[in-house]
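Welcome to this short briefing on a molecular structure. Take a moment to look at the sequence and the 3D view, and keep both open as you read.

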Amino acid sequence: MSNTALVTTPRSDSTTRYISTWAEKTIEDVKSKSLQFIVLAKDRATASILESMFKKHDPSLLFLNGHGGPDLVAGHDDTILIQAGKNETALKGMITYALSCSSAQVLGPAAVKAGARAYIGYAEDFIFFISPEKMGRPLGDKTADMFLTPANHVIVSLAKGHTVGEATVAARNYFLRNVQKLISSEASEDDREYMRYLVWDMKSLVCHGDKTAVATGFV
Amino acid sequence: MDTEKEIINLVVARLQNLPSDKEISIGSSGEFTKDKLIEHVKNDDDIGRKMIAIEMDFLRSMKDGIFYEQYSTSNNA
């Protein structure tokens, strides 16, 4: 196991363009001394490249961004990267965070059963709002920020050396703080409508496996 | 009016309050405007039922006082 974190950032549609842009910003901001991030962007987010990177780097952390389903997470052009019953053993020994829809339902528990240290993900669809006029500049989209900053906080927390359990709780609390901000009198009526979706994402974020596992501290 | 119809009407009324200039991303199902979402709820299809589930879950969360809870963490993670 090494202090390497692999990150997949496909960009096949608006949703993946958004989550991947925010993921890349997050790892740029983190600049962790204890984790070296390697990004597999766009057409490099494929199962074959990912598996060869597993062999080469023996990463402690895998950060998947992409579409998903209960038993899978996808990469470039929605091709399957990891699927329960197919190649979940590839996650053995790793901590995985999947910013992806519903993969914590089946793939998460299957990965842990196959030897993954932990799997953090969403048990339901991950939902967020987009401002179409910001499509070309996702990082300037304050509406998406309300959802994607808490979601990426899992990685911020893991990179600081916190445990899987702590990182999950910290991200859930970040969602909750954003909900509480929207209750305040300063929030616009439009913005208050996002509360139910933030609550949905917050409640959907779960972790499986060893809650005391950390992604840092390897040689 | 039966309960199912009442719930659909409630969710449609709530969705009417969403900003018209935003789109909601629902994973691989794609992005939807407010008007499209309302259509899905009225059609009672998968996307519509998802919106109903979110609304019902939110109402239960409010009843449980979720706004005022904090998940416990031992440090500043």
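What follows is a guided tour by topic, going from chain A to chain B and the places where they meet.

Please keep in mind that this is a predicted model. Chain A contains seven helices and ten strands, and chain B joins it through a contact that takes 32 residues from chain A and 26 residues from chain B.

**Chain A as a whole**

- Along its principal axes, the C-alpha trace of chain A spans about 50 × 35 × 35 Å.
- A compact globule of 219 residues would have a radius of gyration near 17 Å, and the 16 Å of chain A agrees with that.
- Of the 219 residues in chain A, 57% count as buried.
- Among contacts in chain A with a separation of 6 or more, 69% join residues that are 24 or more positions apart.

**The sheet of chain A**

- Chain A has an open sheet of six strands with mixed pairing, and the strand order is β2-β1-β3-β7-β8-β10.
- The edges of this sheet are β2 (36-41) and β10 (205-209) of chain A; each has a single partner strand, so one side of each is left without a neighbour in the sheet.
- From one strand to the next, the twist averages 15 degrees.
- Inside the sheet, β1 (residues 2-9) and β3 (residues 59-65) of chain A pair in the parallel sense, over five bridges.
- If you would like to find one of these partners, A:S2 has A:P59 in β3(A) as its bridge partner.
- Helix α4(A) packs on the sheet, where it touches β3, β7 (95-99) and β8 (118-122) of chain A. The direction of α4(A) makes about 160 degrees with that of β7(A).

**A covered helix in chain A**

- How many of the ten residues of helix α7 (residues 195-204) of chain A are buried? Nine of the ten are, and the helix is mostly covered.
- The buried residues of α7(A) include A:M195, A:Y197, A:L198, A:V199 and A:W200, and also A:R196 and A:D201.

**Where chain A touches chain B**

- On chain A, the elements giving two or more residues to the contact with chain B are α1 (14-30), β9, α4 (142-159), α5 (164-183) and α7.
- Which of these gives the largest share? It is α5(A), with ten residues.
- By class, the side of chain A that touches chain B has 16 nonpolar, nine polar and seven charged residues.

**A strand pair across the two chains**

- Strand β9(A) pairs with strand β1 (residues 23-26) of chain B in the antiparallel sense, over four bridges.
- Two residue pairs show you where to look: A:F128 has B:S25 as its bridge partner, and A:I130 stands opposite B:E23.
- In a regular strand, side chains alternate between the two faces of the sheet.
- In β9 (residues 127-130) of chain A, A:I127 and A:F129 point one way while A:F128 and A:I130 point the other way. All four of these residues are buried.

**Helices of chain B**

- Two packed helices are described by the angle between their axes and the distance between the axes.
- Helices α2 (residues 34-43) and α3 (residues 46-63) of chain B pack at an angle of about 95 degrees, with axes 7 Å apart. They are therefore roughly perpendicular to each other.
- In this contact, α2(B) offers B:L37, B:H40, B:V41 and B:N43, while α3(B) offers B:I47, B:G48, B:M51 and B:I52. Five of the residues are nonpolar, three are polar and none is charged.
- The axes of α1(B) and α2(B) come within 10 Å and cross at roughly 180 degrees, which makes α1(B) roughly antiparallel to α2(B).
- Here B:I8, B:V11, B:V12 and B:L15 of α1(B) meet B:K34, B:L37, B:I38, B:V41 and B:K42 of α2(B). This contact has seven nonpolar, no polar and two charged residues.

**A loop residue in chain B**

- B:N17 sits in the loop between α1 (3-16) and β1 of chain B.
- Is B:N17 buried or exposed? B:N17 counts as exposed, because it has 11 C-beta neighbours inside 10 Å, and the cut-off for exposed is 12 or fewer.
- B:N17 and B:K34 are 17 residues apart in sequence, and their C-alpha atoms are 8.8 Å apart in space.

Note on methods:
Residues numbered from 1 in each chain as written. Chains lettered and ligands numbered in written order. Predicted model: local features only at pLDDT ≥ 70, side-chain atom pairs only at ≥ 80, totals over all residues. Buried ≥ 20, exposed ≤ 12 C-beta atoms within 10 Å, placed from the backbone. Pairing = 2+ DSSP bridges. Contact = placed C-beta atoms within 7 Å. Nonpolar A, V, L, I, M, F, W, Y, C, P; charged D, E, K, R; others polar. Axes fitted to C-alpha atoms, helices over the stretch in contact; angles between N-to-C directions. Parallel < 35°, antiparallel > 145°, perpendicular 65-115°, else oblique. Rg over C-alpha atoms; globule rule 2.2 N^0.38 Å.
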